[in-house]
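The exercises below ask you to read a protein chain from its sequence and its three-dimensional model, and to reason from single elements towards the whole. Try each task before reading the solution that follows.

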Amino acid sequence: MHLKVYNDNASINSYKIDKNEFTNNEYENKVSYISSTSKEINALNIFKSYFSNAKSILFDDTNKLLVKKLESLNIPSFENKNNTSTIFNKKDFSFVYFTSGSTGESTAALKTKQNIESEIKALSSLLKKYNIKRVIVTVPFIHIYGSLTGLFYPYFNDIDIILKEHFLPNDLLEICDDNSLVVTTPLYIKALNKISASKDLSKSLFLSSTAPLDPKEAKEFNEKFSCPVMQLFGSTETGGIAYKFNDDVLWTPLENVVIETNIDNELKVKSPFVSKVLFEKDFIDTKGEIQTFDFIERENEKFKLIGRSSQILKIAGKRYSTIQIENILEEQEHIDKALVFVKTDKDSLRGEILDVTLETKKEFRAKEIKQILQNNLSNLKFSMDLRCIDKIPTSSVGKKLRVNI
């Protein structure tokens, strides 16, 4: 298979991905980091690392907290010839991925080759009927979703990879051809819905993850381009959990994923994809299972995702998802982005406060935002903290971040 990098000047860099050519015994068991400098360089280094049995820590170098953390842990770069001793040396892993840190400090998830290859086997089985000929990747490979679906899935299935450092929506539409798998995010789905150009993509498949995709956007994309959108639900720690298509409500667990719930109906995941070791301030043994804070409703073998505990506003016995609230607000004129959380205030009579941050040039009042939500959801009363700012920070995959607001 080949990795093909499309450049802005219309030239193409092509690399044959051959295990023997990318193996270097000097890297074996070496702990180092691969940052987010370039998708092209990242892809090549990740393959070198994987084939050479190195231990690589992948991270976004625009996250200054992670930069400082790796410096304090004495982690050298992948290109550095020094084989420095670190606290990770004795741990069994192939790659370390960091969570986005959207609700606080990032957690590091250690992934073994067994974690990676078992998930690729499940994805390959799921995607087999689409007869994929090439994979087009818009996401960074330092994200587990990007490297699993954008690098390892095509490698293990002998499928070419198509890259561009910065895909514009029209670029993506032009490059996308029959039997393409487009590994992307909700941001690109929304952007493609907005452009005037259209194309018959009925023989291709778009794969979206990293953040929830509004069902209306998914349905609009499916109707506009005659192309299915498969959404993957999971996390850095758990790997893939479940999938659904277009505007479906119910999620289907991936092969070999066992779904359980605790007494609060919060999702618990067991699978070969789950990281056995996490790292925060110290190493944590997960025993191969992760208790999430996602509320679900079981329907036979499938489930409905209600939202995270920090993303559920409970009013008079009813639950409202903050994702639903964000979508409503982002449909309003003058609001570019909305970031919504639920915080607990013991001094408040209602106990919970809706924490709303808007990316907008207009100064909204809390009363206006409450009225918009009451018109769309319910006329019930609730407490709110509101901020209007110029820019909501985002991660390398476009996920809105709470940090530094």
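**Exercise 1.** Which are the buried residues of helix H10 (residues 366-376)?

Solution. The structure is a predicted model, and the assignment starts from the stretch 366-376, in which Ile-369, Ile-372, Leu-373 and Gln-374 are the buried residues of helix H10. The next step is to look for what these residues pack against, and the partners are helix H9 (322-330) together with the strands E22 (335-344), E23 (352-360) and E24 (383-389).

**Exercise 2.** Explain why helix H5 (residues 144-156) is described as largely enclosed by the rest of the structure, and then follow the chain just past the end of H5.

Solution. Begin with the count: because 11 of the 13 residues of H5 are buried, the helix is largely enclosed by the rest of the structure. The buried residues include Ile-144, Tyr-145, Leu-148, Leu-151, Phe-152 and Tyr-153, and among them are also Gly-146, Ser-147 and Thr-149.

Just after H5 comes Asp-158, whose place is in the loop between H5 and strand E8 (160-164). Asp-158 counts as exposed because its relative accessibility is 57%, which exceeds the cut-off of 50%. The backbone of Asp-158 deserves a separate step, since its phi is near 55°, a positive value in a residue other than glycine. Most residues other than glycine have a negative phi.

**Exercise 3.** Where does Asn-265 lie, and is Asn-265 buried, partly exposed or exposed?

Solution. Asn-265 is placed in the loop that joins strand E14 (258-261) to strand E15 (266-270). With a relative accessibility of 41%, Asn-265 counts as partly exposed, because the partly exposed class lies between the cut-offs of 20% and 50%. Asn-265 also has a positive phi, of about 65°, although it is not a glycine.

**Exercise 4.** Describe the surroundings of Phe-233, and connect this residue to the largest nonpolar core by way of a contact partner.

Solution. Phe-233 belongs to strand E11 (residues 229-235) and counts as buried because its relative accessibility is 12%. Leaving aside neighbours within four places in sequence, its contacts are Gly-240, Ile-241, Ala-242, Trp-251, Leu-267, Asp-294, Phe-303 and Leu-305. A further distance can be read between C-alpha atoms, where Phe-233 and Pro-212 are 8.3 Å apart in space and 21 residues apart in sequence.

Now take the partner Ile-241, which, when residues up to four places away in sequence are not counted, touches Phe-233 and also, among others, Thr-252, Pro-253, Val-257, Ile-259, Val-269 and Phe-303. Ile-241 and Leu-181 are the residues with the most contacts inside the largest nonpolar core, which has 64 residues. A second, separate core has 20 residues, including Ile-136, Leu-173, Leu-192 and Ala-218.

**Exercise 5.** Which residues do Ser-49 and Val-96 touch, when residues up to four places away in sequence are not counted?

Solution. Ser-49 lies in helix H2 (residues 39-51), and at 0% relative accessibility Ser-49 counts as buried. The residues that Ser-49 touches under this condition are Ala-54, Ser-56, Phe-78, Ser-94 and Phe-95.

Val-96 lies in strand E5 (residues 95-98), and Val-96 is buried, with a relative accessible area of 0%. Under the stated condition Val-96 touches Ser-56, Ile-57, Leu-58, Phe-88, Ala-108, Ala-109 and Leu-110. Between Val-96 and Thr-236, which are 140 residues apart along the chain, the C-alpha separation is 9.6 Å.

**Exercise 6.** Why is the protein chain judged as compact as a globular protein of its length?

Solution. First list the elements: the secondary structure of the protein chain comes to 10 helices and 24 strands. The radius of gyration is 22 Å, close to the 22 Å given by the globule rule for 405 residues, so the protein chain is as compact as a globular protein of that length. Along the principal axes, the C-alpha atoms fill a box of roughly 65 × 50 × 45 Å.

Burial and contacts complete the description. Of the 405 residues, 53% count as buried, and among contacts with a separation of 6 or more, 63% are between residues 24 or more positions apart. The exposed area is about 19500 Å², of which carbon and sulfur atoms supply 46%. Finally, there are 56 positive and 55 negative side chains, with the centres of the two sets 2 Å apart.

Notes: Residues are numbered from 1 along each chain as its sequence is written. This is a predicted model: local features need pLDDT of at least 70, side-chain atom pairs count only at pLDDT 80 or more; totals for chains, interfaces and linings use all residues. Side-chain values use heavy atoms; hydrogens and water are left out. Helices (H or I, at least four residues) and strands (E, at least two) are DSSP runs, numbered from the N terminus. Buried means under 20% relative accessible area, exposed over 50%, partly exposed in between (1.4 Å probe, protein chains only). Contact means heavy atoms within 4.5 Å. A nonpolar core is a set of buried Ala, Val, Leu, Ile, Met, Phe, Trp, Tyr and Cys residues joined through side-chain atoms within 4.5 Å. The radius of gyration is taken over C-alpha atoms; the globule rule is 2.2 Å times the number of residues to the power 0.38. Accessible areas come from the Shrake-Rupley method with a 1.4 Å probe; for residues, only the protein chains shown count as cover. Lys and Arg count as positive and Asp and Glu as negative; His and the chain ends are not counted. The place of a charge is taken as NZ of Lys, CZ of Arg, CG of Asp or CD of Glu.
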